[in-house]
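Hi everyone, thanks for making time. I'd like to walk you through a structure that may be new to you, so let's put it up on the screen.

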Amino acid sequence: MRESDQEIDAKSQQQRKLPNNMDDEMDMIENLPDAMLLHILSFLPAKDVLKTSILSKRWRHLWMSVSNLSFEEWRPDKFVMFMNSAERAMMCRDVPRIEKFSLSSHMLNSACINALISNALSFKVQDFSLRLVYVGVPISLPHHLFSCPTLTVLNLEEVTQFPCTACLPNLKKVRLSCCLLPHQQSLLHFFSGCPKLQKLILNRCFWRDANLGFISTPMPEPVDITQLPSTTCLPDLKELELSFCLLPYGQSTVQFFGDCPKLQKLTLKECHWGLAKCLYISTPMLESVVICNATSSSGCKVVISGSNIKSFSYYGDLRTTYCLCSSSIVDAYIHVHSKGKIEREGREKEVAHRVHKLIMEFCNVEHLGLSPDTLEALAYAEELDLPVFQRLTRLELKRKSVDLSCRALNRLLQKLPHLDCLDFRMGVFLSKKHKNFALDPLPPCFLTQLKIIKIHTSSLTDEELHAVGILFRVSTVLEKVYISGGGLNKNKISMLARESKFEIISM
């Protein structure tokens, strides 16, 4: 016999023996409107949302109206219980739409999984995410997943079966991770059914060999980015992110993305240029380029061209030469890592010259970010002069604490006549052995322009205080200093404030 509402309320009160202050908090939650409670519940996993039905009479049916459903279960012995719970959540819904649906599980029962997916699609889902780990031979997903007219976001991970065609008229964002894609021509047809696609992310994806069918191990070659579908079938594509992709071996010159009429943001992570000697990246609307850990087998030269590029970021060990044919960049960042490996390989000079070449391309930037390792790499090319950055007003040094005695840092500061803000994202220090250290020659911006210094640190050590004291003494027009960190010594900050003529703000 079903419990009455009074019995449920009494039972929930017995289960909740809370201190007075917690009772007050519960009363505060109970007084929230349904719309706000549903918004809060939409961030919880579905199994936790279901548990709220025993809280009180009001909560008994509230969970049925949650717009976001997230199901996740990785324990094989709990799969049956998990599916029963998921089916109940879908059957008891009293709203016609699901805004966001997410399913992550082992594929232990394809019929159950497909039934749950089909049920979700019947609620006109907009944002659909699926991660399935196959046990045995993979199965085909419901075909209507790829013809759902309401889908705007599609996130698939470890999916190995794709149809040759799709009809997703409102799809705007696709993320495919560790997926086995159909051969190139089929993928072309697939994306041609997504006319409104604006953002495409391919991460660790692989091509299917049309002659072999399903491939388990070893995995086939990573996606060849020259064989991606022509973007003429993706006229609205604005963001493209490729991770662990490669160029075909043997091509000497390759041109990318010239037919992407609206592409604005390009991110390339862990991509391999193969044997290409020269790579051209060019598209008329490109605004942002991020390159992370790109590698090459033949010293490839990468040329990036665009009259609207505003932002460029590079992370890696500079095995490739980069040329930026753009005078519009206002925000740039370089992080050269793997310092030990570069030294073991004897590439210090090579990397230093490539860092210098990149920095020369940034003479018109307003904001420049560098890592200390990048400054140290630059020290191997002291014979090369740096440009004067007439527009640069903010220098950001991050990734790790900066040694104020770094000669490359002083060389750079000499070339920043209009520097307004100097930001040490991970702190600044000066070894005690530099007792009589001075910034010599003193950068002119310290006397005329530098008004703000920001220091982010976990604690103000003696070496940090040494560096900070020198910066304070030579910055004659300084107005504000921001010091932030979790373990800051307030006494030390108070001491600095008493000795300073400018405002020190502890954050």
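Let me start with a puzzle: does α5 pass α6 in a left-handed or a right-handed crossing? Have a look while I mention that this is a predicted model.

Okay, the crossing of α5 with α6 is left-handed. To find the pair, look for α5 at residues 79–91 and α6 at residues 110–121. They pack at an angle of about 20°, and their axes are 11 Å apart. Angles under 35 degrees count as roughly parallel, so that's what we call α5 and α6.

Who makes the contact? On the α5 side we have Phe79, Met83, Ala86 and Met90, and on the α6 side Cys112, Ile113, Leu116, Asn119 and Ala120. By class, that contact has 8 nonpolar residues, 1 polar one and no charged ones.

Now stay with α5, because it turns up again in the largest pocket, where α4, β1 (68–73) and α5 each give two or more residues to the lining. About 360 Å³ of space lies in this pocket. Its lining has 15 residues, and the ones nearest the centre are Lys47, Glu72, Glu73, Phe82 and Ser85. Here the classes come out as 7 nonpolar, 2 polar and 6 charged.

On to the closed spaces. How many cavities of 30 Å³ or more are there? The count comes to 2.

I'll take the second largest first, as α4 shows up there too. That cavity holds about 40 Å³ of space. Ala46, Val49, Leu50, Trp63, Leu69, Ala89 and Arg93 line it, and helix α4 (residues 46–51) provides the largest share, with 3 residues. The lining splits into 6 nonpolar residues, no polar ones and 1 charged one.

For the largest cavity, scroll along to the residues numbered in the 300s, including Val336 and Tyr380. Its volume is about 100 Å³. α8 (339–344), α9 (348–360) and α10 (372–378) each supply at least two lining residues. Besides the two I just named, the lining is made up of His337, Lys339, Ile342, Glu343, Glu348, Val351, Asp373, Glu376 and Ala377. What about the mix of classes in this lining? There are 5 nonpolar, 1 polar and 5 charged residues.

So that's the tour: a helix pair, a pocket and the cavities. Happy to rotate the view if anyone wants another look.

Technical notes. Residues numbered from 1 in each chain as written. Predicted model: local features only at pLDDT ≥ 70, side-chain atom pairs only at ≥ 80, totals over all residues. Heavy atoms only, no water. 1 Å grid on protein atoms, 1.4 Å probe; cavity = no way out; pocket = protein on both sides within 12 Å on 5 of 7 lines; lining within 4 Å. Points joined across faces, edges and corners; volume = space filled by probe spheres on them. Helix = DSSP H or I, 4+ residues; strand = E, 2+ residues; numbered from the N terminus. Nonpolar A, V, L, I, M, F, W, Y, C, P; charged D, E, K, R; others polar. Axes fitted to C-alpha atoms, helices over the stretch in contact; angles between N-to-C directions. Parallel < 35°, antiparallel > 145°, perpendicular 65-115°, else oblique. Left-handed = near helix turned anticlockwise from the far one by under 90°. Contact = heavy atoms within 4.5 Å.
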